[in-house]
Amino acid sequence: MERIGDIYRPVGERIGDFQEVERQFEPEEIAMQARRCHACGIPFCHGAGCPLGNVVPEFNAAVAAGRLERAWRILSETSLFPEFTCRVCPALCENACVCGIDGDPVMVRQCEKLIVETAFANGWVRPVTVPDNGKTAAVIGGGPSGLYAAETLRRQGYGVTVFESARKPGGLLRRGIPDFKLSKRVIDRRLAVMEQEGIRFVCDTTVGRDVSAAYLRRQYDLTVIAVGTPAARDLPIPGRELAGIHFALDFLRGQNGVNAGEIAETPISAAGKRVLVIGGGDTGSDCVGTAIRQHAAAVTQIEIMPRPPEQRSESTPWPQWAYKLRTSSSHHEGCERRWSLASARFLGDGGVVTGVEVNQVQWELSPTGKPLKFAAVPGTTEVIPADLVLLAMGFTGVGSSPLAEQLELELTARNLFPAHPAPDIWAAGDCANGATLVVRAMADAKVKLNFGK
């Protein structure tokens, strides 16, 4: 039995809306895929793969047998928010699947999605009630790690209040990830369950400005910092001051705001423009898909790294996360991708960007194919025309944060919060470890804040 290759709605259909791109699967389709799961002596999907420790073989077996309620009980033992990971996780478990050594891995992510969506449809997802332990916790930030921290602490009896600077909790899930990957109704559905459990959300409140972090520390027994890494990596080359050059998240945040009805029109529009995305990661891919839906004239994505190999590189043997070429649903929708290009300067006319001058670079690789260092290739200068440039090159930490000053904390050399600087203060997720995957941010909160386990 082969892995299902067609998992998306037709391109011509999906680029006309912001609905989730994945098609609906019939339960039997997923059950047949779950039957591909072997009874491995050592399930690497569970150990080396999933940061949350999901017991993949067991819930796959339950799905294969049609016992979805049992599958839900197994999955919910280790994952508090599987409806998020089944949509936005790159499936580290599948990367470590034994079937993937010489073939295609099991469709674990789709199995997880079937389980959790069936659970919500049948009323199996219920508020978890536990006795109060008499202690209180303030969680600063309502993103993936903040929400996971709040739920983890509530299940131990803490009275939890989440402070969120935006109108609604969700952080990157709500404002950074496009609706075509994660519908925001999925977030709201989970928040409703959390509120029923007694978790309190205080929104439109920036800790450090509207209320001091020191005050929260005095009022609560425990303070959890989960503010992510809002400082985007800039590209300080000549011409950076030109209009039409924006950070990726500002672009994505605007479209998500329009979709949510919070604003009438996006402040940064790709309509009719030649769009250049600088940065080859997931955020860059999200910009590609969003620009296409905004009817961009053309979309190009460039990356300074070399083009990855089509198959797993020897530098990342199984079950490590494979270094290889990955093509997202957005790339399939119409995008030119180029590698080994370094941006030299922005070009403009009348104060507005018109293009980017780039140079090819040559990478030196290790014997196993790992990129080590690069050098510019003489005589390879060219100009890529662009009316809109989106910088999607990652993040550099928490930036200038009044939280550190108010809590009398010294940021680390990587511009992050120390993980546990005081008995009553914890930092979880990206703000403690650096920008990473949603699943890893949640797993960090799970590990740090499970005091009773």
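Visitor: What makes the radius of gyration of the protein chain agree with a compact globule?

Guide: Set the two values side by side. With 453 residues, a compact globule would have a radius of gyration near 22 Å. The protein chain has 23 Å, so the value agrees. The globule rule behind that is 2.2 Å times the number of residues to the power 0.38. Keep in mind that this is a predicted model.

Visitor: What box do the C-alpha atoms fill?

Guide: Roughly 70 × 60 × 45 Å, taken along the principal axes. The chain in that box has 18 helices and 14 strands.

Visitor: How many of the contacts link residues 24 or more positions apart?

Guide: Such pairs account for 67% of the contacts with a separation of 6 or more. Contact here means heavy atoms within 4.5 Å.

Visitor: What share of the 453 residues is buried? And what does the chain expose?

Guide: Buried residues make up 54%. The exposed area is about 20,100 Å², and carbon and sulfur atoms supply 51% of it.

Visitor: Why is Met107 called buried?

Guide: The cut-off is under 20% relative accessible area. Met107 has 0%, so Met107 counts as buried.

Visitor: Where is Met107 found, and which residues is Met107 in contact with?

Guide: Met107 is in the loop between H7 and H8. Leaving aside neighbours within four places in sequence, Met107 is in contact with Arg3, Ile4, Ile7, Phe25, Gln33, Arg36 and Glu94. Take Glu94: Glu94 and Met107 are 13 residues apart along the chain, and their C-alpha atoms are separated by 7.0 Å.

Visitor: How do you know where empty space is left?

Guide: Rolling a probe the size of a water molecule over the atoms shows it. A search of the whole structure finds 3 cavities of 30 Å³ or more.

Visitor: What makes a space a cavity and not a pocket?

Guide: A 1.4 Å probe fits in a cavity but cannot get out, whereas a pocket is open. In the largest cavity, about 120 Å³ of space is enclosed on that test.

Visitor: Which residues lie nearest the centre of the largest cavity?

Guide: Cys50, Asn54, Cys89, Cys93 and Glu112, out of 15 lining residues. Helix H4 (56–64), helix H7 (92–95) and helix H8 (108–121) each supply at least two residues of the lining. H8 gives the largest share, 3 residues.

Visitor: How do the lining residues divide into nonpolar, polar and charged?

Guide: There are 11 nonpolar, 2 polar and 2 charged. Cys counts as nonpolar and Glu as charged. Therefore Cys50, Cys89 and Cys93 fall in the nonpolar group, and Glu112 in the charged one.

Methods:
Residues are numbered from 1 along each chain as its sequence is written. This is a predicted model: local features need pLDDT of at least 70, side-chain atom pairs count only at pLDDT 80 or more; totals for chains, interfaces and linings use all residues. Side-chain values use heavy atoms; hydrogens and water are left out. On a 1 Å grid over the protein atoms alone, a cavity is a set of points where a 1.4 Å probe fits but cannot get out, and a pocket is an open set with protein on both sides within 12 Å along at least five of seven lines; lining residues have an atom within 4 Å of a point. Grid points are joined across faces, edges and corners, and a volume is the space filled by probe spheres set on the points. Helices (H or I, at least four residues) and strands (E, at least two) are DSSP runs, numbered from the N terminus. Buried means under 20% relative accessible area, exposed over 50%, partly exposed in between (1.4 Å probe, protein chains only). Accessible areas come from the Shrake-Rupley method with a 1.4 Å probe; for residues, only the protein chains shown count as cover.
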